[in-house]
Amino acid sequence: MRRARMGMGRPVGRRGVGRRGVSRRDFLKVGGVSLAGAALLGTAACGGGGGGPQTADDGSIVVVFSMAPDDSGSLTSLIERFNEDRAGEIQVDYRQQPTDTGAYFDQLRTQFQAGGGDIALIGGDVIWPAQFAANGWIADLSDRFTEEMRADFIEGPVESNTYDGSVFGVPWFTDAGMLYYRQDLLDDAGISEAPTTWEELKEMASQIQEEAGTEWGFVFQGGNYEGGTVNGLEFINSFGGEVLAEDDASQVTIDSPESVAGLEMERSMVEDEVSQQAVSTYTEEESEPTFLNGNAVFCRNWPYMYGLVGDPEASQIETEQVGVSALPAAEGGESVSGLGGWNFYINAAVPQETQDAAWEFVQFMTDPEQQKFRALEGGFLPTLTDLYEDQEILDEVPVIALGGEALQRTVPRPVSPVYSDMSLQMAEQFNAVVNGNATPEEAITTLQENLQGIADQAPE
Ligand code: GLC
């Protein structure tokens with residue numbers, strides 16, 4: 001099974017659970033039947049016919065909820081709890097989706113284009129709202145998710161849900177690209193701080209590769225997929241390049257010396273043998289083993305990977321050996337992290353009663369208690385500001401404190417109703433640079449033309 005690419009596919013909370021002896025997951029499990037099993041058997045639901053809501057045998061309104069796999073178990077536990085609390089009223093039915101965000105998006109788009117489908121609630125990537133909203137596929141939540149409510153959430157994720165002045169989603173958990181490093185290897189080499197520039201990272205990596213014999217210096221996601229787009233953009237943005245003009249999203253401005261410099265730096269990782277050639281095929285899940293097996297000094301990944309460090313099933317290195325910091329910057333520049341994360345969107349095509357029921361579940365899932373549970377059990381970064389001061393969270397999930405810094409530095413991917421097409425182009429060109437099939441200049445020239453062509457097709 002492909003897992004973890006979305007930063008959600010691994011049992012990241014395990015160590016914390018082990019220490020306390022009793023897992024919250026077990027505590028919450030009812031009746032011995034796992035929800036995943038129940039979902040596989042399907043819901044005994046009857047379609048509403050004539051536009052009414054879909055209902056279960058006991059009369060409750062069925063909310064089909066789509067989301068990628070979540071091996072931490074925290075999601076199914078919470079769905080179970082909600083369904084127990086609301087028995088006879090609402091039943092949330094988890095429909096598992098592909099781990100790859102691009103594949104998941106394609107499935108949803110196909111359903112929407114065919115008239116909406118039966119998925120009422122979407123646990124969806126932060127990059128989707130513009131496209132879904134521009135097509136009228138997801139409901140405007142501005143009235144439900146009031147300004148007062150929004151004020152409790154971190155700003156970036158709320159903004160990522162805002163399109164054309166309206167709010168189309170509620171932030172669930174957030175992600176930011178981070179630099180993982182081997183604290184012990186840096187110490188042995190007499191290096192006292194994590195690198196703050198890409199050049200420094202390369203120097204430190206090469207030194208340690210040579211002196212300590214660590215096979216690889218830096219492992220990242222250079223594959224031809226959404227994560228490859230994120231990594232390429234982190235390089236480009238950190239050198240000051242940008243894809244769209246700040247004040248006019250219809251203007252593609254990627255063709256700049258800064259963008260070329262960013263991709264040159266990305267390519268140089270492979271050319272200078274700091275990174276293995278195979279990073280050009282890597283997603284998050286292939287990046288993990290190189291670092292967790294102890295074969296790399298540095299790794300770029302999302303917060304969830306911290307939960308795997310020291311997990312005997314996934315890792316040969318211990319927590320004390322690993323540090324996390326913000327990503328390096330260009331010389332004289334500032335560190336930037338790609339903004340990732342997952343939100344709740346409601347399908348505009350399902351009946352109003354179903355939308356109301358879905359909203360109840362959204363409120364439940366995003367309230368402090370459930371967000372804290374997911375942080376502790378799965379290492380998912382909360383979207384409520386106050387939880388960053390919760391001592392239990394800070395103690396149990398250190399990456400949340402460390403992630404705080406990277407979170408201050410997030411840059412969203414281009415916000416456009418044609419983002420998915422743009423991303424396919426970027427992923428392809430960035431990948432061509434990483435594997436040496438295109439020079440950074442060639443890739444940027446191609447992108448300027450192709451992305452502008454796509455932007456010109458965007459609905460007004
Ligand atoms: C993570 C991020 C998501 C991003 C994906 C790329 O899941 O949260 O925003 O698109 O990684 O692989």
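A residue is called buried when its relative accessible area is under 20%, exposed when over 50%, and partly exposed in between. By that cut-off Glu273 is exposed, because its relative accessible area is 56%. Glu273 lies in the loop between α12 (257-271) and α13 (284-292). The structure described here is a predicted model, and the values in this report are computed from it.

**Overall composition**

The protein chain contains 19 helices and 17 strands. Of its 460 residues, 59% are buried. Among contacts with a separation of 6 or more, 75% are between residues 24 or more positions apart.

**Nonpolar core**

The largest nonpolar core has 133 residues. Phe65, Trp128, Tyr180, Phe218, Phe291 and Phe298 have the most contacts inside this core. Helix α14 (residues 352-366) contributes the most to it, with seven residues. At least three residues of the core come from each of domain 1 (18-175 + 339-411) and domain 2 (178-338 + 415-455).

Phe65 can be followed further. Leaving aside neighbours within four places in sequence, its contacts include Leu75, Ile79, Val92, Tyr94, Trp172 and Phe344. Asp93 and Arg95 are also among the residues in contact with Phe65. Another of these contacts is Phe361, a buried residue of α14.

**Strand β5 and its partners**

Phe65 also leads to strand β5, where its bridge partner is Leu121. Strand β3 (residues 61-67) and β5 run parallel and are joined by two bridges. β5 also pairs with strand β15 (residues 337-346), here in the antiparallel sense and over five bridges. In that pairing, Leu121 stands opposite Ile346. Strand β5 (residues 121-125) is mostly covered, with five of its five residues buried.

The loop between α5 (101-113) and β5 holds Gly117. Gly117 counts as partly exposed, because its relative accessibility is 43%. Beyond residues up to four places away in sequence, Gly117 touches Gln111, Asn347 and Val350. Gly117 and Val350 are 233 residues apart along the chain, and their C-alpha atoms are separated by 8.1 Å.

**A four-stranded open sheet**

Four strands form an open sheet with mixed pairing, in the order β10-β13-β9-β14. β10 (216-219) and β14 (322-325) are the edge strands, each pairing on one side only. On average, neighbouring strands of this sheet are turned by 15 degrees against each other, direction ignored. Strand β9 (residues 178-182) and β14 run antiparallel and are joined by four bridges. Within this pair, Tyr181 of β9 stands opposite Gly323 in β14.

**Helices α14 and α18**

The table sets the expected span of two helices beside the distance between their end C-alpha atoms.

| Helix | Number of residues | Expected span | End C-alpha distance |
|---|---|---|---|
| α14 | 15 residues | 21 Å | 21 Å |
| α18 | 16 residues | 22 Å | 22 Å |

For α14 the end distance agrees with the span expected at 1.5 Å a residue. The end distance of α18 (residues 419-434) likewise agrees with its expected span.

The buried residues of α14 include Ala357, Ala358, Trp359, Val362, Phe364 and Met365. Thr354, Gln355 and Thr366 are also buried in α14.

Helix α18 is mostly covered, with twelve of its 16 residues buried. Among the buried residues of α18 are Tyr419, Met422, Met426, Phe430, Val433 and Val434. Ser420, Ser423, Gln429 and Asn431 are buried there as well. An α-helix has 3.6 residues a turn, so residues three or four places apart point the same way. After α18 comes Gly436, which has a positive phi, near 85 degrees.

**Positive phi outside glycine**

Most residues other than glycine have a negative phi. Glu273 has a positive phi, near 60 degrees. Asp164 also has a positive phi, near 55 degrees. Asp164 is in the loop between β6 (162-163) and β7 (166-167). With a relative accessible area of 73%, Asp164 is exposed.

Key:
Residues numbered from 1 in each chain as written. Predicted model: local features only at pLDDT ≥ 70, side-chain atom pairs only at ≥ 80, totals over all residues. Heavy atoms only, no water. Pairing = 2+ DSSP bridges. Axes fitted to C-alpha atoms, helices over the stretch in contact; angles between N-to-C directions. Expected span 1.5 Å × (residues − 1). Buried < 20%, exposed > 50% of the residue type's maximum accessible area, 1.4 Å probe, protein only. Core = buried A, V, L, I, M, F, W, Y, C linked by side-chain atoms within 4.5 Å. Domains from an automatic or database assignment. Contact = heavy atoms within 4.5 Å.
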